[in-house]
Amino acid sequence: MKEFFKVISIEDALGYRTRFARMQTEVVPLSESLGRILAQEVRSDIDLPDFPRSIMDGFAVRGGSTFGASEGNPVYLMIKGSVAMGEESNLSVGTGEAVRISTGGMLPSGADSVVMVEHTDAIDDTTIEVYRSVAPGQNMVTVGEDIKKGEAILPAGNSIRPQEAGLLAALGCQQVTVFRRPVVGIISTGDEVVPIDQVPGPGQIRDVNTYTLMNQVAQLGAVAVPFGIVGDDYEALLETCIRSQDQCDLVLVSGGSSVGARDFTIDIISAMQDSSLLFHGISISPGKPTLLASVQNKQFWGLPGHVVSAMVVFSRIVKPFIEYISGYAESGQNEIRLPAKLSRNLASAQGRFDFVRVRLIQKDGVTWAEPILGKSGLISTMVKADGLIEIGMNTEGIDEGAEVEVILL
């Protein structure tokens with residue numbers, strides 16, 4: 001299988017996402033669900049709360065009994081008793097009556113509001129004066145005010161955050177059905193690449209890509225599995241690729257995607273069972289020589305060897321693919337964009353999308369995006385960057401002071 005280097009658009013590249021199946025589902029304890037992606041819609045089988053509840057310490061009353069109350073003209077109410085926390089009261093509240101209640105307590109029958117204790121004074125053991133009126137429904141929550149029985153509360157495809165876990169706990173969900181986490185194999189290639197515990201010799205570099213890619217994978221909630229460094233050896237790389245493809249849901253190979261190494265990489269793909277090259281080359285800078293193949297219906301990525309190129313390609317291209325198979329309802333749920341003004345002119349070549357590293361600077365109440373210029377092998381430029389700005393395919397550049405969107409890293 002020999003293919004010509006043919007650049008496609010980002011949109012066309014992303015169109016291949018649906019070629020790959022979503023992950024299977026599994027059931028996990030709620031206590032282990034943080035960051036997992038819901039595989040099923042969740043509907044409430046109860047009203048929440050399922051009883052009228054006070055949100056203040058004070059007195060449960062009929063709101064009408066307090067109308068017109070003020071500091072100069074207080075209303076006097078008779079105390080009928082109190083509601084114990086966590087219990088249903090057998091008391092009822094009529095006109096001119098009040099029942100002492102704590103935050104979270106169940107309102108007795110007849111009560112439709114709560115007077116804050118700060119707005120009352122005790123006259124004696126059985127009488128209070130109220131000097132601020134309350135409307136029906138004030139300082140309390142009604143049955144189903146938070147969640148109604150039968151309501152769809154959490155859609156499939158959303159990530160479980162602490163607040164979603166809290167809601168599931170309130171509904172009594174001890175377990176939750178989620179998509180399985182994708183396992184991502186990571187391989188670094190090149191005779192010049194050495195382990196990070198080794199001092200590089202002349203012409204050598206430490207393996208940076210394994211660690212940047214592993215952390216980018218982990219940020220998505222997927223599981224990264226490193227397969228080490230493989231030199232420019234066909235048999236060794238083929239064996240490692242086959243092994244990683246068998247053990248993982250997708251594989252990232254950094255290095256070997258450039259035009260000069262194209263045939264070597266394509267030969268590896270050709271030798272793998274049930275494989276096809278989907279594209280080689282994307283109209284993006286940095287990262288143009290990126291390739292994607294389908295191997296046994298799994299993603300097999302060839303990423304650039306330069307660290308910045310590999311990280312940018314992962315962020316803009318690979319990430320949406322992982323999000324899709326992870327079960328996200330929409331790609332980009334993990335993405336935050338901030339508006340800013342560009343601090344200097346930026347030139348760009350037409351016919352490609354340029355992603356420029358920028359740092360964010362606050363000056364006189366305005367957020368500025370300051371470009372960080374540097375070659376794609378300089379990891380320090382990514383360390384200094386807060387995000388990326390995108391220059392469109394048919395744009396020659398962006399002028400200083402123009403409004404831009406910064407994609408936070």
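Which residues does Leu 252 touch, not counting residues up to four places away in sequence? Hold that thought, everyone, while I set the scene.

This is a predicted model, where local features need pLDDT of at least 70, side-chain atom pairs count only at pLDDT 80 or more, and totals for chains, interfaces and linings use all residues. Residues are numbered from 1 along each chain as its sequence is written, and side-chain values use heavy atoms, with hydrogens and water left out.

Let's begin with the sheet. Six strands (DSSP E runs of at least two residues, numbered from the N terminus) make an open, mixed sheet ordered E16-E13-E17-E21-E20-E18. Pairing here needs at least two DSSP bridges between two strands. E16 (223-230) and E18 (275-280) are the edge strands, each with a single partner, so one side of each has no neighbour in the sheet. E13 (183-189) pairs with E16 in the parallel sense over six bridges, and there Val 184 faces Ala 224.

Now a helix (DSSP H or I, at least four residues): H3 (209-219) lies across E13, E16, E17 and E21, at about 165 degrees to E13. Angles run from 0 to 180 degrees between N-to-C directions, with axes fitted to C-alpha atoms, for helices over the stretch in contact.

Back to Leu 252. With contact meaning heavy atoms within 4.5 Å, Leu 252 touches Val 184, Gly 185, Ile 186, Ile 187, Leu 213, Val 217, Trp 301, Leu 303, Phe 314 and Val 318. In the largest nonpolar core, which has 37 residues, Leu 252 and Trp 301 touch the most other members. Such a core joins buried Ala, Val, Leu, Ile, Met, Phe, Trp, Tyr and Cys residues through side-chain atoms within 4.5 Å; buried is under 20% relative accessible area, with a 1.4 Å probe and protein chains only.

Notes
Buried means under 20% relative accessible area, exposed over 50%, partly exposed in between (1.4 Å probe, protein chains only).
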